[in-house]
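Me: I would like a close look at one part of this model, namely the hairpins and the strands that pair around them. Please take the strands in turn, and then say what can be said about the cysteines and the enclosed space.

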Amino acid sequence: MALCSVTFTSCGDDDEGGSTPQGPTATYAGKLPTQVGSYMYQYDEKGRCTKVSTSYYDLLEIDYSKGIITMDDGEQEMKITFNGNGYITKMSGSWSYEDEYEYESGSGTTTFKYNGDGNLTSVTATSKGKYSYDGEKGSFSGTSKTTCKWSGGDLVSATWKYEEKAGGYTSWEKEEYTLAYDGTLDNKTRQYPMALSDLFGDDSYMLAAVGMFGKGPAHLPEAVTCKYSADDDSGSKYTSDVEYGLNPDGTIDWERFGYDTYNYSYSAYSSGDDEATPAAKMAKAMQAGKKKLCVRDFFMPKRNRK
């Protein structure tokens, strides 16, 4: 499935001045997610998410006092801004890497907008940089815009379009998402299900799962359709069905999206606890072969295909 990064104001929610969350961005029926699919979460004594890992490697850490997200054992970082509700309003960072065959450096900025109900409504990302691949040098710039449509508390559609200029050429790609609901599956805790991870792109979804991109839909979608088109006349359309198992308190217990099943785990929220969960401790002990997550992944996921 195509991955797309979503760069998503509200009259009262869109606080660009920035603030530091004093507690968890969201709790779900009084609980904090400790695992969503392959993502595992750790929290500080205030209940704020501070680390995201998988079974084999750390993905990122959040330092609220400095307003930064770090990756690659602190070798890479990007700035992060929150509004008064703890939702992310801006990310910015730069990257560079090289080996004997190629070199690339660049920078990017993404802004997130919300409505008065705390729903993500638009995301705008810009990026630029320069590269050298097998001796060929050049520069690039990219702009993406995602617009989300909400109705009755549900996210009913979203359109993402990305345009890139490189080597004297301009190319574009577009993904149009439609979500189907039958209105019977109440999303009482307003979580973002894994079914929306394609829309966000995995690198952003890991933060949406703990409430950092606002409230999820009022109901759980039962099907997600994506229509893809591009300047090279390529195109496709697919629909993925979704099933859920819910806990008695309304939180998601498991989710089957397409051919994959994702399990959810939680810990009761209690201010003052340092949430180093058993799953997170196990992840720390399994760091061999750690995968590197790059700042660029948050701003130019499409370029990673090349």
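**Hairpins, strand pairing and the enclosed space**

Reply: In this predicted model, the hairpin of strand 15 and strand 16 has two residues between its strands, and G258 there takes a positive phi near 65°. The two strands of that hairpin, strand 15 covering residues 252-257, pair in the antiparallel sense over four bridges, and one point of reference along the ladder is W254, whose bridge partner in strand 16 is N263. Strand 16, which spans residues 260-268, is also joined to strand 1, residues 31-36, by five bridges, and these two strands likewise run antiparallel. Within that second pairing, L32 has S267 of strand 16 as its bridge partner. Strand 16 therefore pairs with both strand 15 and strand 1, because two strands count as paired once DSSP finds at least two bridges between them, and the counts here are four for strand 15 and five for strand 1.

Strand 8 can be described in a similar way, since it too takes part in two pairings. Strand 7, residues 88-98, is joined to strand 8, residues 102-114, by nine bridges, the two running antiparallel, and K90 is matched there with T111 of strand 8. Three residues lie between strand 7 and strand 8 in the hairpin that they form. On the other side of the pairing list, strand 8 and strand 9, residues 120-133, are antiparallel over 13 bridges, with G106 bridged to G129 in strand 9. The hairpin of strand 8 and strand 9 has five residues between the strands, and G118 in its turn has a positive phi of about 85°.

As for the cysteines, the count of disulfides comes to zero, with a pair of sulfur atoms required to lie within 2.5 Å. C49 has a relative accessibility of 4% and so counts as buried, and C226, at 1%, counts as buried as well; the cut-off behind both statements is a relative accessible area under 20%.

C49 also leads to the enclosed space. The largest cavity has a volume of about 80 Å³, and 15 residues line this cavity, of which P24, T25, G47, C49 and V210 are the closest to its centre. By class, that lining is made up of 11 nonpolar, three polar and one charged residues.

Conventions. Residues numbered from 1 in each chain as written. Predicted model: local features only at pLDDT ≥ 70, side-chain atom pairs only at ≥ 80, totals over all residues. Heavy atoms only, no water. Buried < 20%, exposed > 50% of the residue type's maximum accessible area, 1.4 Å probe, protein only. 1 Å grid on protein atoms, 1.4 Å probe; cavity = no way out; pocket = protein on both sides within 12 Å on 5 of 7 lines; lining within 4 Å. Points joined across faces, edges and corners; volume = space filled by probe spheres on them. Nonpolar A, V, L, I, M, F, W, Y, C, P; charged D, E, K, R; others polar.
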